[in-house]
Amino acid sequence: MAGPHLQQPSFLLATLKADCVNKPFVQRCHDLETVIEEFPAKELHGIFPWLVESIFGSLDGIIVGWNLRCLQGRTNPTEYSVALAFLDPSGPMMKLVYKLQAEEYRYDFPVSSLPGPVKASIQEQVLPECSLYHNKVQFPSAGGLGLNLALNPFEYYMFYFAISLITQKNSPITHHISPSNSAYFTLVDTYLKCFLPTEGSVLPPPSSNPGGAIPSPTPRSPAVPFTSYGMHHTSLLKRHVAHQPSVNADPASQEIWRSETLLQIFVEMWLHHYSLEMYQKMQSPHVKLEVLHYRLSISSKHHGSPAQSSYQALHAYQESFKPTEEHVLVVRLLVKHLHAFSNSLKPEPLSPSAHSHTASPLEEFKRVVIPRFVQEKLYIFLQHCFGHWPLDASFRAVLEMWLSYLQPWRYAPEKPPQSAEPLPRSVSEKWAAFIQENLLMYTKLFVGFLNRALRTDLVSPKNALMVFRVAKVFAQPNLAEMILKGKWIF
């Protein structure tokens, strides 16, 4: 391949497309790494959207891309290791992302490819409360079709990565493939550990200029006059970024926007599939889970009552969405990591000292990450799964994800003492606040599980095991007492 000064972006793109047909996978990745290192951002800008789509597949699911969901180390060890190295947070693809990020390029992502509630809301010119969409919606150009989001390179890359779990769900996947051993699952785990670390700070982005820093996204004026639901927390932490001009500042302060953006994208793409009406209700800062429950009346016992009609209305407006078992396993991975991330919060000092200072942005993020970003959407996602999942043993994936969320103490740093005959540990009172804030997770979903169990063939050992798993979790000493106490508080 000729030197960078002889190449035009269109010719570079044509060359890379031809390589996809004529060269093996490993060689293509090696050539791409060379291109990313040698070519300037101006020329790489032209190949970036094509490269992202060629890796993660097209938004309509027709182009499969690298098919990371089926790529496993056991069956394709060379391709597996090469793909993971190329897409690693410190690998060539991320170097390309940050190279383009430094030049403040923007890329269009069609609103029509977003989850149903977000798409409908934006198309109705109701701006979602999530800061991920703020100042990004663009009118179509002359002759263009539909609304687009103008995303920076990091957002664009992560949008495609996250939504490929949904858009590629119909791609061929054989029974001998384990989703939790796939390259996709491994990458989710890697990105969570990198951008939401339980120890230390967020690593600075790879850069050809070690002394430089990749700037955080700059605010942009809105292109569409939108109504907005909710006035609270357009962004959690970007104010800290704006106040850290020094390139030698704490990396967590400079780069916390990546942590927030990554989590918002994962939550929006994976958990956001319910009614537009529900979505708009959830924008109010005053809406809590228990209010959500009474408005929707999901456990009405009286047929024909207003509560029952509200329940039917919810399902009438709900997007036709059936998460796969693989999707649920990835969400469980997210839940487990968020518990570990949140539980790694440094304890506050007992007495303030003269040298004490405000918690770092990353520590502040840990404190609010679950209640602010995940709690409500996960509840609705679980409610949807409980109501629509087939009455068979495949429900075990949903069950274990639910039980993982209910037990944050399992992911706390302290370890239980080892003994010859381990006894069930009493749930510490320190978790009472979490239980109270998530009461419907423990009560209404428990009732939902019992209703499922009554309609399930419990002669089947796999189905009976699910009942045993739930009974074992709820039988933990002190847990039932704290649930009851939380019920009386509300």
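1. Let me begin with a small charged cluster: Asp 19, Lys 23 and Asp 31 are joined in a network of salt bridges. Please keep in mind throughout that this is a predicted model. The structure holds eleven salt bridges, and a few of them are worth a visit with you. As a reminder, side chains of opposite charge can pair when their charged atoms come close.

2. One to look at is the salt bridge between Glu 37 and Lys 95, where the closest N and O atoms are 3.5 Å apart. Glu 37 belongs to helix α2 (residues 25-38) and Lys 95 to helix α6 (residues 92-101), so this pair ties together parts that are 58 residues apart in sequence. Both ends are partly exposed: Glu 37 has a relative accessibility of 47%, and Lys 95 has a relative accessible area of 33%.

3. The salt bridge of Glu 363 with Lys 366 has its closest N and O atoms 3.1 Å apart. Here the partners sit in one helix, α16 (residues 361-373), three residues apart, which means that about one helical turn separates them. Glu 363 and Lys 366 are both buried.

4. Next, turn to Arg 469 and Glu 400, whose side chains meet in a salt bridge at 2.9 Å, N to O. Arg 469 lies in helix α22 and Glu 400 in helix α18, so the pair ties together parts that are 69 residues apart in sequence. Where does each partner stand, buried or exposed? Arg 469 counts as buried, because its relative accessibility is 16% and the cut-off for buried is under 20%. Glu 400 counts as buried too, at 9% relative accessibility.

5. Helix α21 (residues 444-454) deserves a point of its own. Its buried residues are Leu 445, Phe 449, Arg 452 and Ala 453. These residues cover an arc of only 100° around the axis, so they lie on the same side of α21. What do they pack against? The partners are α17 (375-388), α18 (396-406), α20 (439-442) and α22 (461-474). Two of these names will be familiar from the previous point, since α22 carries Arg 469 and α18 carries Glu 400.

6. Now for the nonpolar interior. In soluble globular proteins, nonpolar side chains tend to be buried together. The largest nonpolar core here has 133 residues, and those touching the most other members are Leu 68, Leu 87, Tyr 157, Phe 195, Trp 270 and Trp 402. Helix α8 (residues 153-167) gives this core its largest share, eleven residues.

7. Tyr 157 is a good residue to display on screen. Leaving aside residues up to four places away in sequence, Tyr 157 touches Phe 48, Val 52, Phe 56, Leu 87, Met 93, Met 94, Val 97 and Tyr 191. Leu 87, in that list of contacts, is also one of the core residues that touch the most other members.

8. The protein has 23 helices and five strands, and three of the strands deserve a closer look. They form an open sheet in the order β1-β4-β3, with antiparallel pairing. β1 (107-110) and β3 (137-138) stand at the edges with a single partner strand each, so one side of each has no neighbour in the sheet.

9. How many bridges hold each pair of strands? β1 and β4 pair over four bridges, while two bridges join β3 to β4 (residues 148-151). On the β1 side, Pro 110 stands opposite Asn 148 in β4. On the β3 side, Val 137 stands opposite Leu 149, and the bridge partner of Gln 138 is Asn 148.

10. The side chains of β4 are worth following one by one. In a regular strand the side chains alternate between the two faces of the sheet. In β4, Asn 148 and Ala 150 point one way and Leu 149 and Leu 151 the other way, and all are buried.

11. Finally, some overall figures. Of the 490 residues of the protein, 50% count as buried. The protein exposes about 23500 Å², with carbon and sulfur atoms supplying 57% of it. Among contacts between residues at least 6 apart in sequence, 79% join residues at least 24 apart.

Conventions
Residues are numbered from 1 along each chain as its sequence is written. This is a predicted model: local features need pLDDT of at least 70, side-chain atom pairs count only at pLDDT 80 or more; totals for chains, interfaces and linings use all residues. Side-chain values use heavy atoms; hydrogens and water are left out. A nonpolar core is a set of buried Ala, Val, Leu, Ile, Met, Phe, Trp, Tyr and Cys residues joined through side-chain atoms within 4.5 Å. Buried means under 20% relative accessible area, exposed over 50%, partly exposed in between (1.4 Å probe, protein chains only). Contact means heavy atoms within 4.5 Å. Two strands pair if DSSP finds at least two bridges between them. Accessible areas come from the Shrake-Rupley method with a 1.4 Å probe; for residues, only the protein chains shown count as cover. The arc is that of the directions from the helix axis to the C-beta atoms. A salt bridge is a side-chain nitrogen of Lys or Arg within 4 Å of a carboxyl oxygen of Asp or Glu.
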